[in-house]
Amino acid sequence: MGWLIPWIAIAISLAAVLGRGALRSGPSNSAPVQDAEKLPVGLLISVAALSALAGLIPGLHLAEFSRSFVGAAFGIILALGIRASETLSFDERIGRIIAAGLATAALGWADIGATGAKEAYPGLLGLVLGAGIGSLWLRGSSKGQAGEPGLAFAVFMATGAFANLLGMTGKTAQAGTMLMFVATLAFLLETLFASNLKSVAQAWFRVAAIGLLVSGAWVLARRFFFLSDLGWVATGSALVALVVSWRLSGVNSNASEFLIASILWVALATVAFGLLKGFGIAVAALSGTACLVAYGSRAGVLSIAPLLALSGYRTFRVLHPDSSRAFDIGQHYALIGLLLGLLLALGLLEWTRSSRTGARGLASNLFAALLIGTALCGGLILLGTRGSVGMLFGFGFLPVLAGLKGERAWTSVVPALALSAFLTLVFGPLGPELSLERSEKLRLLAILAGCGLVFGSCASILGHKRRDSGSAEAAA
């Protein structure tokens with residue numbers, strides 16, 4: 001069955017192109033390549049050809065990188081094909097079907113399940129590199145959504161490749177391919193049924209497409225991979241994607257909500273790592289990205305970047321164990337703690353910057369502070385001592401990032417110092433909780449999550465009311 005999946009995916013992509021008139025849900029919002037002469041097509045073809053030759057000519061003594069060069073050439077050619085197909089003027093739904101279908105085919109043809117990650121990774125990662133370079137180069141300075149199908153293809157290739165490589169051998173080494181195939185079917189069915197509906201009905205069909213993706217993941221988990229935890233990771237990814245898409249879809253979404261979304265993805269990475277180690281992180285990254293694309297959340301795809309980075313790190317660690325042998329579970333938690341600390345400090349800074357005076361603004365800031373404190377305590381309990389060290393370093397990076405953005409005020413230093421002091425204060429009382437059994441930790445984290453949900457809801461409600469009233473005052 002595995003050999004058939006790539007060809008079915010190619011057939012779906014071709015069907016989407018040929019049936020674009022019936023599938024189009026309105027005016028095309030993908031700019032056609034009317035200025036094809038401005039695109040570096042000839043240059044990219046030359047790069048692809050030279051890459052292939054460099055990998056195939058034995059006299060160049062590049063045998064170690066031969067598959068990487070060939071894979072890069074193949075990735076560039078696929079990116080060129082996707083960009084050229086935009087001359088047919090299809091909308092974003094058809095574009096993502098083509099991107100997902102071609103990514104599924106490329107992942108399937110790599111077939112690392114037969115050879116193993118160690119032998120197959122040069123060609124597969126070369127393909128990811130070629131897809132990324134080609135799509136970015138062809139996107140260039142294009143306006144609007146021109147070139148976005150190619151960018152989606154590059155993202156799908158990377159997340160699918162990480163999932164396959166972290167699956168190592170056998171059936172799990174096909175996880176990225178199979179999940180990407182399920183995503184392709186979900187995109188196709190959502191486009192078929194929602195093409196001529198109003199926006200509200202289309203939103204419900206997007207949710208249904210995510211449900212189909214999760215259902216497919218459960219079928220694969222139970223019937224193909226025999227890993228029920230894979231289904232739970234995919235379900236968690238879909239739930240986080242829905243929350244993130246909802247919070248970042250409105251015009252009132254701000255930097256604080258974006259940061260909270262990134263924290264949710266980091267939290268999901270920690271849970272997925274506990275269930276399936278690095279393979280769980282890769283599955284969460286792929287499932288979450290596919291769900292965000294299905295829901296049409298571009299901001300959501302940006303917010304999942306920390307999870308994608310962790311997936312890339314786990315891939316590096318598996319493929320090069322000697323270079324990262326010193327990194328045990330404690331160091332992994334320290335890395336997550338660093339990300340969490342940086343995001344918490346940024347969240348506190350951004351929220352205070354958007355605050356206003358008055359009783360409502362004061363209450364909103366109070367609930368936001370309680371939310372950040374709750375998240376910090378939860379991270380401390382979950383990540384332990386080394387995670388707390390990572391958070392302390394994460395706090396310290398905030399002023400550096402602010403300086404790189406051109407800020408010269410001391411505003412960013414205060415949240416870093418305040419959170420460092422708070423973590424040091426609560427570490428003592430929470431010390432006994434760090435050595436609890438996993439079930440006890442989960443129970444305590446569930447309580448903290450409930451409190452955080454209440455605090456976050458109150459802060460958000462008061463914040464929205466404050467912004468509305470501020471708008472009314474400005475209009476008056």
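Helices here are DSSP runs (H or I) of at least four residues, numbered from the N terminus. Keep that in mind as you go through the views, which all come from a predicted model.

**View 1. The whole chain comes to 18 helices and 0 strands.** Start with the full picture before zooming in. The chain has 476 residues, and 49% of them count as buried. Take the contacts between residues at least 6 apart in sequence: 79% of these join residues at least 24 apart. As for the outside, the chain exposes about 21600 Å², with carbon and sulfur atoms supplying 70% of that area.

**View 2. Arg443 and Glu440 meet in a salt bridge.** Let's zoom in on these two side chains, where the N to O distance is 3.2 Å. How far apart are Arg443 and Glu440 in helix 18? They are 3 residues apart in that helix (residues 438-475), so about one helical turn separates them. Is either one tucked away? Arg443 has 47% relative accessibility, so it counts as partly exposed. Glu440 is partly exposed too, with a relative accessible area of 34%. The count for the model comes to 1 salt bridge.

**View 3. The largest nonpolar core holds 109 residues.** Now for the inside. Phe153, Met157, Trp265 and Leu307 are the core residues that touch the most other members. Which helix gives the core its largest share? That's helix 12 (residues 255-295), with 22 residues. Pick out Leu307 and look around: leaving aside residues up to four places away in sequence, Leu307 touches Trp265, Leu268, Ala269, Ile281, Ala284 and Ala285. As a bit of background, nonpolar side chains tend to be buried together in soluble globular proteins.

**View 4. Ser262 sits buried in helix 12.** Not every buried residue is a nonpolar one, so here's a serine to look at. With a relative accessible area of just 4%, Ser262 falls under the 20% cut-off and therefore counts as buried. Setting aside residues up to four places away in sequence, Ser262 touches Ser303, Pro306 and Leu343.

**View 5. Leu189, Leu192, Phe193 and Leu212 make a nonpolar patch on the surface.** Back to the outside: this patch covers about 360 Å². Which helix supplies the largest share of the patch? Helix 9 (residues 175-194) does, with 3 residues. Leu212, on the other hand, belongs to helix 10 (residues 199-224). Leu212 has a relative accessible area of 33%, so it is partly exposed.

**View 6. Phe226 and Lys277 both have a positive phi.** Here's a look at the backbone. Most residues other than glycine have a negative phi. For Phe226, which isn't a glycine, phi is near 55°. Where do you find Phe226? It's in the loop between helix 10 and helix 11 (228-249). Phe226 is exposed, with a relative accessible area of 59%. Lys277 isn't a glycine either, and its phi is about 60°. Lys277, though, is found in helix 12.

**View 7. Ile5 in helix 1 touches residues from far along the chain.** Helix 1 takes in residues 4-18. Is Ile5 buried or exposed? It's buried, with a relative accessible area of 1%. Not counting residues up to four places away in sequence, Ile5 touches Thr104, Thr177, Met178 and Phe181. Check Leu107 as well: Ile5 and Leu107 are 102 residues apart in sequence, yet their C-alpha atoms are 9.9 Å apart in space.

**View 8. Gly134 is buried in helix 7.** This helix runs over residues 117-139. Gly134 has a relative accessible area of 0%, so it counts as buried. Now find Ile77, which is 57 residues away from Gly134 along the chain. The C-alpha atoms of the two are separated by 7.9 Å.

**View 9. Two cysteines, Cys377 and Cys458, in a model with 0 disulfides.** What is the count of disulfides? It comes to 0. The two cysteines shown here differ in how covered they are: Cys377 counts as buried at 14% relative accessibility, whereas Cys458 counts as partly exposed at 26%. The 20% cut-off for being buried falls between these two values, so they land in separate classes.

Definitions and conventions. Residues are numbered from 1 along each chain as its sequence is written. This is a predicted model: local features need pLDDT of at least 70, side-chain atom pairs count only at pLDDT 80 or more; totals for chains, interfaces and linings use all residues. Side-chain values use heavy atoms; hydrogens and water are left out. Helices (H or I, at least four residues) and strands (E, at least two) are DSSP runs, numbered from the N terminus. Buried means under 20% relative accessible area, exposed over 50%, partly exposed in between (1.4 Å probe, protein chains only). Contact means heavy atoms within 4.5 Å. Accessible areas come from the Shrake-Rupley method with a 1.4 Å probe; for residues, only the protein chains shown count as cover. A nonpolar core is a set of buried Ala, Val, Leu, Ile, Met, Phe, Trp, Tyr and Cys residues joined through side-chain atoms within 4.5 Å. Patches are made of residues with over 30% relative accessible area and no salt bridge: like charges are joined within 9 Å, nonpolar side chains (Val, Leu, Ile, Met, Phe, Trp, Tyr) within 5 Å. A salt bridge is a side-chain nitrogen of Lys or Arg within 4 Å of a carboxyl oxygen of Asp or Glu. A disulfide is a pair of cysteine sulfur atoms within 2.5 Å.
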